[in-house]
Amino acid sequence: MTTLIAISLLFMFGSGPVRGFAVTIGIGLLTSMFTAIAVTRLLMEWRVRAMGCNQQWLRCPIPTYLRCNLCAKTSQ
């Protein structure tokens, strides 16, 4: 979050190359965040499917309305 604030300040108050640097850093930050979230989600989905939805750690703390479709179908 602080990096996004710094990027916006660089873009607003900078000129020429400084603005270009802010855009480049912003694109890199957003790409990195998207990749981290997408890969983590993919790995977690693979892990949940591999373990099955009958595991105690998955059934207990997650309310039914928040479970993935696979878990909601098998646990009800």
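About how many helical turns separate Arg41 and Glu45 in helix α2? They are separated by about one helical turn, because the two residues stand four apart in that helix. The legends below describe this pair and other views of a predicted model.

**View 1. The salt bridge between Arg41 and Glu45 in the predicted model.** The closest N and O atoms of Arg41 and Glu45 are 3.1 Å apart, and the count for the structure comes to one salt bridge. Side chains of opposite charge can pair when their charged atoms come close. An α-helix has 3.6 residues a turn, so residues three or four places apart point the same way. Arg41 is exposed, with a relative accessible area of 57%, whereas Glu45 counts as partly exposed at 32%.

**View 2. The charged end of Arg19 over the ring of Phe11.** In this close-up the charged end of Arg19 sits 4.6 Å from the centre of the Phe11 ring. As for contacts between rings, a search of the whole structure finds zero aromatic pairs.

**View 3. Helix α2, spanning residues 17-51.** This helix has 35 residues and reaches 51 Å from its first C-alpha to its last, which is close to the 51 Å expected at 1.5 Å a residue. Its buried residues are Ala22, Gly26 and Val48, while over the chain of 76 residues 13% count as buried.

**View 4. Thr24 of helix α2 together with Ile7.** Thr24 lies in helix α2 and counts as exposed, at 52% relative accessibility. Although Thr24 and Ile7 are 17 residues apart along the chain, their C-alpha atoms are separated by 9.5 Å.

**View 5. The helices of the chain and the confidence of the prediction.** The chain has four helices and zero strands, and read along the sequence it follows the pattern α-α-α-α. Its average pLDDT is 79, and 67% of the residues score at least 70. Among the elements of the chain, helix α1 (residues 2-13) has the highest mean pLDDT, at 94, and helix α3 (residues 56-59) the lowest, at 50. Where pLDDT is low, the predicted coordinates should not be read in detail.

**View 6. The accessible surface of the chain.** The accessible surface comes to about 6,100 Å², and 69% of this area belongs to carbon and sulfur atoms.

Definitions and conventions
Residues are numbered from 1 along each chain as its sequence is written. This is a predicted model: local features need pLDDT of at least 70, side-chain atom pairs count only at pLDDT 80 or more; totals for chains, interfaces and linings use all residues. Side-chain values use heavy atoms; hydrogens and water are left out. Rings of Phe, Tyr and Trp (its six-membered ring) pair if their centres lie within 6.5 Å; planes under 30 degrees apart count as stacked, over 60 as edge-to-face and the rest as tilted. A charge sits over a ring if NZ of Lys or CZ of Arg is within 6 Å of the ring centre and within 35 degrees of the ring normal. Buried means under 20% relative accessible area, exposed over 50%, partly exposed in between (1.4 Å probe, protein chains only). Accessible areas come from the Shrake-Rupley method with a 1.4 Å probe; for residues, only the protein chains shown count as cover. pLDDT is the predictor's confidence in each residue, from 0 to 100. The expected span of a helix is 1.5 Å times one less than its number of residues. A salt bridge is a side-chain nitrogen of Lys or Arg within 4 Å of a carboxyl oxygen of Asp or Glu.
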